[in-house]
Amino acid sequence: MSDGRPDPGDGPLPLRPVVSFLRALRGGLDGGNGLTGAIADAALALPREARESLEAATRRLGGRYEEDDWGFDEQFADAALPFLEFMFDRWWRVHAEGVQHVPSHGRALLVANHAGIMPWDATMMGVAMMREHPLPRPPRFLVLDWAFDLPYVSVAMRKLGGVPASPFNAIRLLEEDELVAVFPEGVKGAGKSYRERYRVQRFGRGGFIEIALRTGAPIVPVAVVGSEEIHPKLAESSVLARLTGAPYFPITPTFPLLGPLGVVPLPSRWRIEFGEPVDLSVLGPGAADDRALVLELSEHVRDLIQRMVYDNLVKRRHAFA
Amino acid sequence: MPGRRILITGIASYLGTELARILEDDPEVEYVAGLDTRRPRVPLARTELIERDIRDPSLLALLPPTGVDTVVHNQIVRRPGAGMSPRRAHDVNVIGSLQLLAACERTPTIHSIVVRGSAGIYGAEPAAPQFFTEDMARLYPLRTRFQRDVAEIENLFGTFAKRHESVACSMLRYQPSIGPAGSTQIPQYLSMPVVPTYLGFDPRIQLIHERDALGALVAAVRRPVRGPVNVAAEGTIGLTRMIRLAGRPTLPIPSPLFSGATAAGKRVGLLDFSPDFQRLLRYGRGVDTARLQSEIGFTPRHTTVAAVEDYVASRRAADVAA
């Protein structure tokens with residue numbers, strides 16, 4: 001291109017099929033084909049891979065794709081996987097352990113610690129499940145309500161398997177025998193300061209225990225180490241939080257200083273450990289009404305996860321190296 | 001058992017007329033009456049038309065002599081049409097229901113009331129349960145005038161049902177309908193030259209095919225149950241996917257500008273986007289339909305996606321014919 005030769009046929013290699021595609025497209029349009037027909041015909045000039053992705057794109061533009069009742073879009077998730085795998089392998093160099101503890105079928109509740117306002121930890125748990133589990137299946141994850149009021153974020157969350165964090169949603173998903181990931185620390189976890197980043201916060205009112213008891217789903221404790229460093233929160237601004245309607249407004253070394261660029265997560269080193277499942281089904285659904293028991297179990301699971309977090313911190317050695 | 005005697009309000013609407021036609025053909029139905037200020041678009045064979053406004057106090061004297069055992073309340077204004085102010089819609093909804101119930105008090109023959117209500121009572125919320133069950137109507141504050149209307153209507157009928165234990169009062173909470181015949185909000189929205197959406201939002205929408213909407217109403221008349229029942233097709237569809245299936249270009253508008261832009265569109269004669277509809281396009285809504293299937297015993301024939309596809313196919317056919 002740089003030498004300005006007029007014949008595109010001699011141009012750099014990837015350009016050649018594009019040019020022949022455009023020629024064929026114009027031919028098709030001049031021939032009176034409709035736009036989609038012309039695209040389909042012209043696509044024959046492309047190499048197979050490009051042809052397939054073009055066909056997929058026109059199918060999507062025609063509305064011919066599937067979403068399940070919850071709005072999970074498998075095609076979209078597949079398309080996002082290479083990017084998420086890049087984050088998993090290269091950006092955060094995630095080491096995942098104990099994935100085999102996740103039941104390969106039937107309902108199960110993944111309970112994890114949480115840091116950072118974006119649900120990166122949920123997506124990385126998903127990648128670990130999809131890549132390292134012998135029978136991969138995508139987890140559905142409960143997302144902070146606020147995300148569903150944000151343009152684009154709400155759509156991406158929904159299509160990747162996120163649902164608003166409401167106990168009704170969790171129970172219904174488990175009753176459909178899905179794998180559900182929850183972060184009981186909630187906003188407290190997302191908003192913890194950099195100094196206390198490895199301290200697992202109180203698990204709310206123990207709602208996730210109630211959910212597990214009611215549905216008889218086993219709890220798989222998960223420790224995620226590394227998400228604490230991706231957006232190190234130095235301070236927060238209540239004024240900006242009120243202005244934007246966000247649950248809190250973090251100030252990190254890069255945000256809001258660098259604007260949108262400041263949202264790019266730092267490349268810390270991650271470890272994800274899936275612990276042994278805790279089966280509560282012997283207690284029966286009636287136990288969900290026992291406040292004392294629920295709080296006790298909740299504290300027990302929090303303890304398990306806290307211990308796993310500390311273990312993995314030691315094993316990880318350095319946060320960024 | 002003697003034949004049933006049924007009154008339908010809002011008989012001139014598509015659903016009202018179609019319901020009357022089905023009931024006319026039913027040998028078990030002895031008498032059908034229809035209340036409306038307008039005449040039905042197609043002539044009805046043996047339906048007695050009562051050309052009165054539902055808010056007319058003379059209803060109190062007119063209803064008891066008919067000796068009806070069932071009242072189908074099908075006159076709740078979802079979207080004020082041309083020449084109807086929001087005030088008047090509110091008046092028809094609330095005062096109309098009140099007047100109808102007053103007339104029912106005077107009619108001891110009544111043993112069931114079926115109300116064609118709205119799932120709009122749940123609102124459209126970003127963090128909502130993805131499938132509202134009937135007991136979740138009050139999870140969120142009532143945000144729009146229409147929502148408050150529906151809540152008030154439900155209250156009126158709920159109180160009536162409590163006072164009259166012998167009357168089974170079914171409150172059908174309908175999701176928006178779609179289909180070739182109706183000119184309801186969603187089909188009108190999908191036939192705009194460019195379809196406005198919220199930039200960066202693609203909510204889950206759940207609909208009901210108009211034939212299924214009718215089927216559910218018929219089933220509820222035949223087998224009235226007590227309390228609220230959600231009426232919707234199975235499954236949901238992403239708004240973007242729905243618009244693409246309809247083959248329409250979208251016009252994504254940033255959310256702070258959406259009300260302003262659609263209000264300007266209304267002034268030049270485009271569709272009126274009510275506050276409820278705006279919230280629906282931003283956040284969507286799904287309901288659970290277990291009660292409709294298990295208690296009323298009705299399973300919609302079309303899923304939400306199939307309902308959209310059927311609407312699109314029939315519109316294509318109409319375009320070709322034209």
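## Helix H6 of chain B, its core and the surroundings

In this predicted model, helix H6 of chain B has a long list of residues that count as buried: Glu210(B), Asp212(B), Ala213(B), Leu214(B), Ala216(B), Leu217(B), Ala219(B), Ala220(B) and Val221(B). The helix runs over residues 210-222, 13 residues in all. From first C-alpha to last, H6(B) reaches 19 Å, close to the 18 Å expected at 1.5 Å a residue. As a reminder, residues three or four places apart in an α-helix point the same way, because there are 3.6 residues a turn.

Where do those buried side chains go? The largest nonpolar core holds 85 residues, and the members that touch the most others are Val72(B), Ile113(B), Leu172(B), Ala216(B), Leu217(B) and Val231(B). H6(B) gives the most to this core, with 7 residues. Apart from that core lies another one, of 65 residues, which includes Ala122(A), Trp146(A), Ala181(A) and Met308(A). Nonpolar side chains do tend to be buried together in soluble globular proteins.

Val231(B) is a handy place to look around. Setting aside neighbours within four places in sequence, Val231(B) is in contact with Ala213(B) and Ala216(B), and also with Leu172(B), Arg173(B), Tyr174(B), Gln175(B), Ile208(B) and Leu292(B).

Now to where the chains meet. The contact takes 18 residues from chain B and 21 residues from chain A. On the chain B side, helix H7 (residues 239-245) gives the most, with 3 residues. That side of chain B divides into 8 nonpolar, 6 polar and 4 charged residues.

Chain A itself is divided into domain 1 (8-61) and domain 2 (74-230 + 265-316). The C-alpha centres of these two domains of chain A lie 43 Å apart.

Chain A also has a couple of arginines with a positive phi, set out here.

| Residue | Phi | Place in chain A | C-beta neighbours within 10 Å |
|---|---|---|---|
| Arg93(A) | about 45° | loop between helix H4 (74-91) and strand S1 (95-97) | 15 |
| Arg317(A) | near 65° | segment after helix H11 (291-316) | 8 |

Is Arg317(A) buried or exposed? With 8 other C-beta atoms within 10 Å, Arg317(A) is exposed. Arg93(A), on the other hand, counts as partly exposed because it has 15 C-beta neighbours inside 10 Å. Neither backbone value can be put down to glycine: Arg93(A) is not a glycine, and Arg317(A) is a residue other than glycine too.

Methods: Residues are numbered from 1 along each chain as its sequence is written. Chains are lettered from A and ligands numbered from 1 in the order in which they are written. This is a predicted model: local features need pLDDT of at least 70, side-chain atom pairs count only at pLDDT 80 or more; totals for chains, interfaces and linings use all residues. Helices (H or I, at least four residues) and strands (E, at least two) are DSSP runs, numbered from the N terminus. A residue is buried if 20 or more other C-beta atoms lie within 10 Å of its own, exposed if 12 or fewer, and partly exposed in between; C-beta atoms are placed from the backbone. The expected span of a helix is 1.5 Å times one less than its number of residues. Two residues are in contact if their C-beta atoms, placed from the backbone, lie within 7 Å. Ala, Val, Leu, Ile, Met, Phe, Trp, Tyr, Cys and Pro count as nonpolar, Asp, Glu, Lys and Arg as charged, and the others, Gly among them, as polar. Domain bounds come from an automatic or database domain assignment. A nonpolar core is a set of buried Ala, Val, Leu, Ile, Met, Phe, Trp, Tyr and Cys residues joined through C-beta atoms within 7 Å.
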